[in-house]
Amino acid sequence: MKHRGRHRRRRRGRALRAALAGTALALTAAATMISASQATDADDPGALKPLTASAETAPLRLTEHGVPGDTLDRLSAGMGRPVGIGAVLADPDGSLRDAAECPDDDRRALPVEPAATRAYCWPGRDTDGWRAGAVTTSGDADEDGRWGAHRVILSGWSRTAGSVAEQGLARVAFVDAGDPGAARYTWALLTVPVDGGRDYRGLGSAVSGMVWYQDKLLVTTGRGEDAALYVYDLDRVQRATVEGRSVGRVPGGWSAAGARYVLTAVASYRTSGAGAPRPGGIALDRSTAPDSLVAHGASSAEDGPTRLWRYSFSTGPGRAGLLDPDPVAVYETELSRVRSVLSYRSGWYLGRMTGTPDERGTLWRQDTDGALPTRCGADETHRCWSGGATSLSYWQETGDVWSQSGRMLFALPLASVDRSLDR
């Protein structure tokens, strides 16, 4: 039986690689049709510019606001004992499909070069009216790539349809990635405690950035929220007890807009002042000492530079997964419309929109010496990346980068990004 199971997994692996290769070839052919007039991103943005003046760095200083312990305790007492991630994974809402079984329209969201080596699509019945956002994994949470016995991917989504109260809600899918051939997921709504822990409200913001570090999940927010980052404790996952579209305390228990689990914020961070830059995307960098969180500025400007910066994770007692307040490095890149960021060793990897989210984007590696893009197609265009991808998450234990675009969740080796750079 073990031999037959292994042969079936090998056949599934070959079929997946063939499907992804076919998709990449088709997209490469499409990329060759891009006119020279569209390839404005071919200009070299040059090297990163370090910013050291206090006027540039001071607005990025964080102010931390912890949710009082009695508020969290009151909420837990009302909702019941928190459950572990293992219990969440054992109670799935659905399954992802391998890329070979996904609709062509969904697979068009995959990058051309470098090509994905693992990819899944989300079912439409569970994601209609929601927009895919950030991705992080248990490879961020712990160096061994596991949370307890589990390999886990967290996938963020934001509500774009429904009633006024529903629009802007955010949720996270806990994906059990232990068996690549059977990826199953469970939804949890992101919320914020109110009324001293007697109730909670939905997080009113798109999820453009997430980092899972130790037992904390850090989530970026838009202008709809006062805080620039919210912090969630993954040891405080609560069960919703009432089905329905409402959020918070309802007659008979607790509702979470259709999700069966709830995450409530335990802390938040604000930058200095209403006009201060806010993080649009974030990622973990384990190549620094201590480990750090990197961010790009939230801006959709067509022109003008983009700010990049880094915070160290705190090494103080009782501060696992929390940040030190001052940025330890700040840079400026000439690239505009940056959608995703990743830093590893000396390189910053930046995904950029070049048109609408349905069009091909570009992926650059930039440092203080210069910049290199990936190329693809017969005309060697730079438009090889997925324009809708808003997140990059490096799973150091496996060497893979995870991202998400449209209904596609995908991974590719960081080494393949470096190999595909224009040199």
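Two cavities of 30 Å³ or more turn up in this predicted model. The table sets them side by side.

| Cavity | Volume | Lining by class |
|---|---|---|
| Largest | about 40 Å³ | three nonpolar, three polar and three charged residues |
| Second largest | about 30 Å³ | two nonpolar, three polar and one charged residues |

Take the largest cavity. Its lining consists of Gly139, Asp140, Leu284, Asp285, Arg286, Ser343, Tyr344, Tyr394 and Gln396. Three elements give two or more residues to this lining: α7 (138–141), β17 and β21 (338–344).

The second largest cavity has another set of walls. Leu72, Leu75, Ser76, Arg236, Gln238 and Thr264 line the second largest cavity. Here α3 (69–79) and β13 (229–239) are the elements that supply two or more residues. The top contributor is α3, with three residues.

Where does β17 sit in its sheet? β17 (279–285) is an edge strand, and so is β1 (49–50); each pairs on one side only. The sheet is open and has five strands, in the order β1-β20-β19-β18-β17. Its pairing is antiparallel.

The partner of β17 is strand β18 (residues 292–297). These two strands pair in the antiparallel sense over six bridges. Leu284 has Leu293 in β18 as its bridge partner. Leu284 is also among the residues that line the largest cavity. This residue thus links the two topics: a bridge to Leu293 and a place in the cavity lining.

Definitions and conventions
Residues numbered from 1 in each chain as written. Predicted model: local features only at pLDDT ≥ 70, side-chain atom pairs only at ≥ 80, totals over all residues. Heavy atoms only, no water. Pairing = 2+ DSSP bridges. Helix = DSSP H or I, 4+ residues; strand = E, 2+ residues; numbered from the N terminus. 1 Å grid on protein atoms, 1.4 Å probe; cavity = no way out; pocket = protein on both sides within 12 Å on 5 of 7 lines; lining within 4 Å. Points joined across faces, edges and corners; volume = space filled by probe spheres on them. Nonpolar A, V, L, I, M, F, W, Y, C, P; charged D, E, K, R; others polar.
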